[in-house]
Amino acid sequence: MSEIPTMASPETAELIKALTKRLTPTDARLNYLTDLLKPMLGVGEPEDRNAFYAASRMLGCTPAFAKNIVGAVARRGSAKAWRRWRARKPALPVFEVPPLAPNLVGFVYFASPISAPNVVKIGISTNLERRLRDLEVETGEEHRIARWFVGTTVDEAVAQFAVAGRRITGKWFKTGEPGQIPGFLPMGLEAMQQALGSDLLKGRAA
């Protein structure tokens, strides 16, 4: 099993810091969200609700407007092109994103109860050791982290959507044959579906 990252580790804390820094500029954040969510534009409610709600928290707007922005950036080809087009519309205000809240970036994790390796919870946390303890209190079961990657609440929602057909309830899903592998980097919906494949606990390593 991959080593559980902790915020006490300078290396793993730096991963979150680096992603937060990368997503601070408006264009970078818009491109990141568009790459992740572009394949979901045609899905519609309620299936895409969680992902565009998470996007709205990163953009400081409503989920409906977040979806419109992703669609507009996708049509223009990049955030820079969309903002350049928008700047030529004097009736439209300048669009800037708010500072990225610390709770929106963390370790997207896949955790399984020791007694039920065919079940996995997909969530996000900045402290996986503490999250494992909380899961044990919540469920009365010891859990293990089978895989993780550094991402945002949008990555968490997209990963959950990618395997929505295997949802048990809430953030809990059925797996295939249990496996152990490190995390993978955010890749967008279609790539996540391919990477997760038939087993939530197997796939592309970082």
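This tour goes through a predicted model, moving from an annotated span to its strands and then to a pocket.

Begin by selecting residues 106-142, where an unreviewed UniProt entry places the feature "domain: Bacteriophage T5 Orf172 DNA-binding". The C-alpha atoms at the two ends of this span lie 22 Å apart, and the span is 32% helix and 41% strand.

Next, select strand S1, residues 105-113, and look at what surrounds it: nine of its nine residues are buried, so strand S1 is largely enclosed by the rest of the structure. Add strand S3, residues 143-152, which runs antiparallel to S1 and is joined to it by nine bridges. Then add strand S2, residues 119-125, which is also antiparallel to S1 and is joined to it by five bridges; S1 and S2 form a hairpin, with five residues between them.

With these strands displayed, centre the view on Tyr109, which stands opposite Trp148 in S3 and has Gly123 as its bridge partner in S2.

Finally, turn to the second largest pocket by selecting its lining, which consists of Asn50, Tyr53, Ala54, Arg57, Thr153, Glu156, Ala157, Gln160, Arg167, Gly170 and Lys171. The elements that give two or more residues to this lining are helix H3 (49-59) and helix H7 (153-162), so colouring these two helices is a convenient way to display them. About 200 Å³ of space lies in the second largest pocket, and if you colour its lining by residue class you will find three nonpolar, four polar and four charged residues.

Conventions. Residues numbered from 1 in each chain as written. Predicted model: local features only at pLDDT ≥ 70, side-chain atom pairs only at ≥ 80, totals over all residues. Heavy atoms only, no water. 1 Å grid on protein atoms, 1.4 Å probe; cavity = no way out; pocket = protein on both sides within 12 Å on 5 of 7 lines; lining within 4 Å. Points joined across faces, edges and corners; volume = space filled by probe spheres on them. Helix = DSSP H or I, 4+ residues; strand = E, 2+ residues; numbered from the N terminus. Nonpolar A, V, L, I, M, F, W, Y, C, P; charged D, E, K, R; others polar. UniProt positions renumbered as here; feature names shortened; annotations may be inferred. Buried < 20%, exposed > 50% of the residue type's maximum accessible area, 1.4 Å probe, protein only. Pairing = 2+ DSSP bridges.
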